[in-house]
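User: I have a fold to look over before I go back to the bench. Can you walk me through it, one point at a time?

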Amino acid sequence: MGLLLALVTGCAGSGEAQALREVMETRPTMVNPTNYDTVYPEDQVEVPPEIDGGMDAFYERVLENRPPRSLQQDTNGSTVVLLVVSPEGEPTNVLVAESLYPAADEAIRSVVLDSSFTPGRHNGQPVPVALRLSVATTNMQIRL
């Protein structure tokens, strides 16, 4: 993961860009898979999970990890990430469900994986909760 973050945040040369492309092409479809007996939809818990630091801090981390210019595409749209927040507040079962383009998807997914959450609660207990995060971008600039 450290190599991937270094490539995403700092590579500019064609060799480094090619290495990042190869990593992205071979990435697994789901990261940190975990089996749960029950996963609650976000709208069926009393207290939904929240990303620690809030969404503004999350968007800032996405911008800090955006792909180098050589991998950015003149593309507007959204990357949608599905995940389950564990009862411990960790992102599990992370999956890019809607792709903008591979380098943007990987930058956003890596920030999700490095994030911590306040777990969702059902009947007063922390439970696994399914979330859908959509990050809308214009040329890798966050649109609010």
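Analyst: Helices and strands here are DSSP runs, a helix having at least four residues and a strand at least two, numbered from the N terminus. The model is predicted.

User: In what order do the elements of the protein chain run from the N terminus on?

Analyst: The chain holds four helices and nine strands. Read from the N terminus, their order is α-α-β-β-α-β-β-α-β-β-β-β-β.

User: What percentage of contacts between residues at least 6 apart join residues at least 24 apart?

Analyst: Contact here means heavy atoms within 4.5 Å. Take the contacts between residues at least 6 apart in sequence; the share that joins residues at least 24 apart is 77%.

User: How much of the protein chain counts as buried?

Analyst: The exposed area of the chain is about 7,600 Å², and carbon and sulfur atoms supply 48% of it. A residue counts as buried under 20% relative accessible area. Of the 144 residues, the buried share is 43%.

User: Which element gives the most to the largest nonpolar core?

Analyst: That core has 18 residues. Phe58, Val81, Leu83, Val94, Val112 and Phe117 have the most contacts inside it. Two or more residues come from each of α3 (54–64), β3 (76–85), β4 (91–98), α4 (102–113) and β8 (129–138). The top contributor, with four residues, is α4.

User: Which residues does Phe117 contact, leaving aside its neighbours within four places in sequence?

Analyst: Phe117 is among the core residues with the most contacts inside the core. Its partners, with those neighbours set aside, are Glu50, Ile51, Asp52, Leu83, Val85, Gly89, Pro91, Val112 and Leu131.

User: How many of the twelve residues of α4 are buried?

Analyst: α4 reaches 16 Å from its first C-alpha to its last, close to the 16 Å expected. The helix is mostly covered. Its buried residues include Asp105, Glu106 and Arg109 as well as Ile108 and Val112. The count is eleven.

User: Which residue does Arg109 meet in a salt bridge?

Analyst: Side chains of opposite charge can pair when their charged atoms come close. Arg109 counts as buried at 3% relative accessibility, and its partner counts as buried at 4%. The two are three residues apart in helix α4, so about one helical turn separates them. The N to O distance is 2.8 Å, and the partner is Glu106.

User: How many residues apart are Glu98 and Arg132?

Analyst: A search of the whole structure finds two salt bridges. One of them joins Glu98 to Arg132, with the closest N and O atoms 3.4 Å apart. Glu98 is partly exposed, at 41% relative accessible area. The pair links distant parts of the chain, strand β4 to strand β8, and the separation is 34 residues.

User: Which side chain makes a polar contact with the side chain of Ser115?

Analyst: Ser115 sits in the loop between α4 and β5 (117–118). At 6% relative accessible area it is buried. A polar atom of the Ser115 side chain lies 2.7 Å from the backbone oxygen of Val111. The side chain that makes a polar contact with it, at 2.8 Å, is that of Arg61.

User: Which residues does Ser115 touch, not counting those up to four places away in sequence?

Analyst: Val111 falls outside this list because it is four places away. The residues touched are Ile51, Phe58, Arg61 and Pro91.

User: What distance separates the C-alpha atoms of Val62 and Ala104?

Analyst: Val62 is found in helix α3. It is buried, with 0% relative accessible area. Ala104 is one of the buried residues of α4. The two are 42 residues apart along the chain, and their C-alpha atoms are separated by 9.1 Å.

User: Is Asn93 buried or exposed?

Analyst: Most residues other than glycine have a negative phi. Asn93 has a positive phi near 50°. Asn93 is found in strand β4. Its relative accessible area is 15%, and the cut-off is 20%. That makes Asn93 buried.

User: Is Asn123 buried or exposed?

Analyst: Asn123 also has a positive phi, about 55°, although it is not a glycine. Asn123 lies in the loop between β6 (120–122) and β7 (125–127). With a relative accessible area of 60%, Asn123 is exposed.

Definitions and conventions:
Residues are numbered from 1 along each chain as its sequence is written. This is a predicted model: local features need pLDDT of at least 70, side-chain atom pairs count only at pLDDT 80 or more; totals for chains, interfaces and linings use all residues. Side-chain values use heavy atoms; hydrogens and water are left out. A nonpolar core is a set of buried Ala, Val, Leu, Ile, Met, Phe, Trp, Tyr and Cys residues joined through side-chain atoms within 4.5 Å. Buried means under 20% relative accessible area, exposed over 50%, partly exposed in between (1.4 Å probe, protein chains only). Accessible areas come from the Shrake-Rupley method with a 1.4 Å probe; for residues, only the protein chains shown count as cover. The expected span of a helix is 1.5 Å times one less than its number of residues. A salt bridge is a side-chain nitrogen of Lys or Arg within 4 Å of a carboxyl oxygen of Asp or Glu. A polar contact is a pair of N or O atoms within 3.5 Å; within protein, one must be able to donate a hydrogen and the other to accept it, and residues adjacent in sequence count only if both atoms are side-chain atoms.
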